[in-house]
Amino acid sequence: MSADLETARTWEGPSAPERLSLLRNAKSVAIVGASDKPSRASYFVATYLQSSSPYRLYFVNPVAKEILGQPVYASLADLPEVPDIVDVFRKHDDLPGVLTEAKAVGAKTLWLQLGSWHEDVAHDAEEAGLNVVMDRCIKIEHARFHGGLNLAGFNTGVISSKRQVTA
């Protein structure tokens, strides 16, 4: 990262114990920008959460109709319940609009995925009473707190600087 980008990051997110608490207290997660394409990060996160978490999942995408056998909703307002966490896979310029939607439905947490950082959105969300997590993957965070990092190949159980020789 450039020095300019590093100095621009003044907002401080929740600590690891606070993130764990957010994940433990959540019952539902809406994935905004969910994709039905297996090559997309949102799809990978959705498959993990669907198979390895207790959350009720909702997929939000105005174009898709079904993802992983579940219906897709056009907006947060169309969901059958208020999501505890709004997990966002949208481009930077779309984030203020997603925040507006999240506030309007009464969501508790706005979670911006890896690579997603918007200080104004974070401050506006906190002023509205939302918890905010930025530049962190909900799948990785859930897995690290619940012992599932090996599901993505992060924890092989081998500690070595040498390449493993296979037969």
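In this predicted model, His118 touches a handful of residues that are not its close neighbours along the chain: His92, Leu95, Pro96, Leu112 and Met134, leaving out anything up to four places away in sequence. His118 itself sits in the loop between β6 and α5, the helix that covers residues 119-127. Is His118 buried or exposed? With a relative accessible area of 12%, His118 is buried, because the cut-off for that label is under 20%. The side chain of His118 also has a polar partner close at hand in the sequence: one of its polar atoms lies 3.2 Å from the backbone nitrogen of Val121.

Leu95, one of the residues touched by His118, is worth a look of its own. Leu95 belongs to helix α4, which runs over residues 95-105. At 2% relative accessibility, Leu95 counts as buried too. Its contacts, once neighbours within four places in sequence are set aside, are Val88, Arg90, Leu112, Ser116, His118 and Val121. Leu112 turns up in the contacts of Leu95 and also in those of His118. Val121 comes up again as well: Leu95 and Val121 are 26 residues apart in sequence, yet the C-alpha atoms of the two are 7.0 Å apart in space.

That pair leads on to the helices. The axes of α4 and α5 come within 10 Å and cross at roughly 10 degrees. How do α4 and α5 lie, parallel or perpendicular to each other? They are roughly parallel, because angles under 35 degrees get that name. On the α4 side the contact is made by Leu95, Pro96 and Leu99, and on the α5 side by Val121, Asp124 and Ala125. Sorted by type, the residues of this contact come out as 5 nonpolar, no polar and 1 charged. The spacing of some of these residues fits a simple rule: an α-helix has 3.6 residues a turn, so residues three or four places apart point the same way.

Another helix pair gives another picture. The axes of α2 and α6 also come within 10 Å, but here they cross at roughly 100 degrees. These two helices are therefore roughly perpendicular to each other. From α2, the residues in the contact are Ala16, Arg19, Leu20 and Leu23; from α6, they are Ile138, Glu141, His142, Arg144, Phe145 and His146. This set divides into 5 nonpolar, 2 polar and 3 charged residues.

Helix α6 covers residues 138-146, and its buried residues are Ile138, Lys139, Glu141, His142 and Ala143. What do the buried residues of α6 pack against? Helix α2 (16-25) is one partner, and the others are β1 (28-32), α3 (41-52), β5 (85-88) and β6 (109-112). Both helices and strands are therefore on that list of partners.

Two loop residues stand out for their backbone angles. Most residues other than glycine have a negative phi. Leu68 is not a glycine, but its phi is positive, at about 50 degrees. Leu68 lies in the loop between β3 and β4, the strand made of residues 70-73, and at 25% relative accessibility it counts as partly exposed. Asp135 is a similar case, with a positive phi near 55 degrees in a residue other than glycine. The place of Asp135 is in the loop between β7 (131-133) and α6.

Glu66 is found in strand β3, which takes in residues 66-67. Is Glu66 buried or exposed? Its relative accessible area is 53%, so Glu66 is exposed. Apart from residues up to four places away in sequence, Glu66 touches Asp36 and Val72. Between Glu66 and Ser35 there are 31 places in sequence, and 9.3 Å in space from C-alpha to C-alpha.

Stepping back to the whole protein chain, there are 6 helices and 7 strands. Along the sequence they follow the pattern α-α-β-α-β-β-β-β-α-β-α-β-α. Of the 167 residues, 43% are buried. Among contacts between residues at least 6 apart in sequence, 58% join residues at least 24 apart; the pair Leu95 and Val121, for instance, is 26 residues apart. As for the outside, the protein chain exposes about 9500 Å², with carbon and sulfur atoms supplying 50% of it.

Key
Residues numbered from 1 in each chain as written. Predicted model: local features only at pLDDT ≥ 70, side-chain atom pairs only at ≥ 80, totals over all residues. Heavy atoms only, no water. Buried < 20%, exposed > 50% of the residue type's maximum accessible area, 1.4 Å probe, protein only. Helix = DSSP H or I, 4+ residues; strand = E, 2+ residues; numbered from the N terminus. Contact = heavy atoms within 4.5 Å. Polar contact = N/O pair within 3.5 Å; in protein donor to acceptor, adjacent residues only side chain to side chain. Areas by Shrake-Rupley, 256 points an atom, 1.4 Å probe, with all protein chains shown as cover. Axes fitted to C-alpha atoms, helices over the stretch in contact; angles between N-to-C directions. Parallel < 35°, antiparallel > 145°, perpendicular 65-115°, else oblique. Nonpolar A, V, L, I, M, F, W, Y, C, P; charged D, E, K, R; others polar.
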